[in-house]
Amino acid sequence: MTVWEELKARGLIAQVTDEDEIKELVNNGKATFYIGFDPTADSLHVGHFMALCLMKRLQMAGNRPIALLGGGTGMIGDPSGKTDMRKMLTKETIQHNIDCFKKQMEHFIDFSDGKALMVNNADWLMNLNYIELLREVGAHFSVNRMLTAECYKQRMERGLSFLEFNYMIMQSYDFYMLFQKYGCCMQFGGDDQWSNMLGGTELIRRKLGKDAYAMTITLLLNSEGKKMGKTESGAVWLDPNKTSPFDFYQYWRNVNDADVIKCMKLLTFIPLEEIQEMEKWEGSQLNKAKEILAFHLTELVHGTEEAKKAQTGAQALFAGGANTDHMPTTELSAEDFAEDGTIDLISMLVKAELVPTRSEGRRAIEQGGVSIDGEKITDIRYTVSRETLQGDGVVLKRGKKKFNKVCAK
């Protein structure tokens, strides 16, 4: 099976401009391609994960990836898939986020000996002369056509700022510059980037008379059509300080039955033959498939040792075991306790991030969804003493799948 055939079999490819040309370059390991990452946070998240896996997969086949960090475009903000304007970031925040991205990307991509490049579009965007840009680039863009792009149509009713309107031009200019500087003739990205990517291929054709290609990859959606990688407490991050390896493991361990095989195909490097065998599994076997998925992805992001710890902690808890060594832990300080040396159960739930608000915690208790060391608690006024939480602490659980070891200093 060729690289291209595997990408198709895994369901990764959404849209392409010139399939025959892209297929030939990719299969022969001759493609120089880029994927852009705007530094809107200080960590990559699950939404970036599929792009990183694609870059790794294609690099393993001999192709050269370029990770484009959006130090310039991050100053504007991409309106794609957004109902409101993004918060504007300072240069200092953007640079900090870029530094964080670099460390995480090096875990996936081999940047040694020119096998891959990491570049920042601030190098050319920040010093652009506005009049020159209008003359050299703006003349090649039709406003009528831009307004038909899906990324803009979604925002027209709520109000699209002129700042955001320029994003397509900036992204197209990136492709134009990468084509000239590094011989990059392909751009890959999420399916919501299609219009922006076509703008780049068209600009290269008009300005240089050369062909460039675009391919979008399938968005990571669950069986209900919603983006994956979100929890009640926010995004699932690749940074272990923002989402612990245990919580990362648990996210994938708890995916819906209908999503587990799809996630294996899109995100893992497990051979397709093995995944196709797992497609036949039913009932309790699906739990085994989820464990395989969770371990494989946690290993990819956090390494084998952390994946084993997360798996051991999860299995111990589901089996009702007493081993809580690798369980996510919340350590309470003296300030968290009342004068009588106790803390109420609702506060514990909030501190352990098992609920986002006190009102949510109250509802969870009243509905019988909260337990301490296996004992269900339905009293919203229930308190726990500091002495009880010292030493090994207690296992606080909400529902069937959310738990945390809570202890006191």
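This text walks through a predicted model of a protein, from the overall make-up to single residues.

Start with the whole chain. The protein has 409 residues, and 50% of them count as buried. Its secondary structure comes to 19 helices and 15 strands. How do the contacts spread along the sequence? Take contacts between residues at least 6 apart in sequence: 73% of these join residues at least 24 apart.

Now find the sheet. It is an open sheet of 6 strands. Reading across, the order is S1-S6-S5-S2-S3-S4, and the pairing is mixed. Strands of a sheet pair through backbone hydrogen bonds, either parallel or antiparallel. Which strands stand at the edges? They are S1 (13-16) and S4 (117-120). Each has a single partner strand, so one side of each is left without a neighbour in the sheet. The sheet is also twisted from strand to strand: neighbours are turned by 25° against each other on average, direction ignored.

Look next at the pairing inside the sheet. Strand S2 covers residues 32-37, and strand S3 covers residues 64-69. The two pair in the parallel sense over 6 bridges. Phe37 stands opposite Leu69 in S3. Helix H4 (residues 91-105) packs on this sheet and touches S2, S3 and S4. The direction of H4 makes about 160° with that of S3.

Strand S2 also pairs with S5. These two run parallel and are joined by 2 bridges. Tyr34 has Gln187 in S5 as its bridge partner. Strand S5 spans residues 186-190 and is mostly covered, with 4 of its 5 residues buried. From S5, move on to strand S6 (residues 213-217). S5 and S6 run parallel too, joined by 5 bridges. Here Met186 has Tyr213 in S6 as its bridge partner.

Stay with Tyr34, and turn to aromatic rings. The structure holds 6 aromatic pairs. A pair of aromatic rings is described by the distance of the centres and the angle of the planes. One of the pairs is Tyr34 with Phe175: the ring centres are 5.6 Å apart and the planes stand at 65°. Planes over 60 degrees apart count as edge-to-face, so this pair is edge-to-face. The pair links distant parts of the chain. Tyr34 is in strand S2, whereas Phe175 is in helix H10 (residues 167-182), and they are 141 residues apart.

Are these two residues buried or exposed? Buried means under 20% relative accessible area. Tyr34 has 1%, so Tyr34 is buried. Phe175 has 0%, so Phe175 counts as buried as well.

Helix H10 also holds Ser172. The relative accessible area of Ser172 is 0%, so Ser172 is buried. What does Ser172 touch? Leave aside its neighbours within four places in sequence. Ser172 is then in contact with Phe141, Asn196, Gly199, Gly200 and Leu203.

Go now to helix H12, which covers residues 245-253. Of its 9 residues, 8 are buried, so H12 is largely enclosed by the rest of the structure. The buried ones are Pro245, Phe246, Phe248, Tyr249, Gln250, Tyr251, Trp252 and Arg253.

H12 has an aromatic pair of its own. Phe248 and Trp252 both lie in this helix, 4 residues apart, about one turn. An α-helix has 3.6 residues a turn, so residues three or four places apart point the same way. The ring centres of Phe248 and Trp252 are 6.2 Å apart and the planes stand at 65°, so this pair is edge-to-face. Both residues are buried. Ring pairs link Phe248, Tyr251 and Trp252 into a cluster.

Last comes a helix packing. Two packed helices are described by the angle between their axes and the distance between the axes. The axes of H12 and helix H15 (residues 285-302) come within 8 Å and cross at roughly 145°. The crossing is right-handed. Which residues make the contact? From H12 come Pro245, Phe248, Tyr249, Trp252 and Arg253. H15 brings several more, among them Asn287, Lys290, Leu293, Phe295 and His302. The residues of this contact divide into 9 nonpolar, 3 polar and 3 charged. Phe248 and Trp252 thus appear twice in this tour: in the ring cluster and in the contact with H15.

Key
Residues numbered from 1 in each chain as written. Predicted model: local features only at pLDDT ≥ 70, side-chain atom pairs only at ≥ 80, totals over all residues. Heavy atoms only, no water. Axes fitted to C-alpha atoms, helices over the stretch in contact; angles between N-to-C directions. Left-handed = near helix turned anticlockwise from the far one by under 90°. Contact = heavy atoms within 4.5 Å. Nonpolar A, V, L, I, M, F, W, Y, C, P; charged D, E, K, R; others polar. Pairing = 2+ DSSP bridges. Phe/Tyr/Trp six-rings, centres within 6.5 Å; stacked < 30°, edge-to-face > 60°. Buried < 20%, exposed > 50% of the residue type's maximum accessible area, 1.4 Å probe, protein only.
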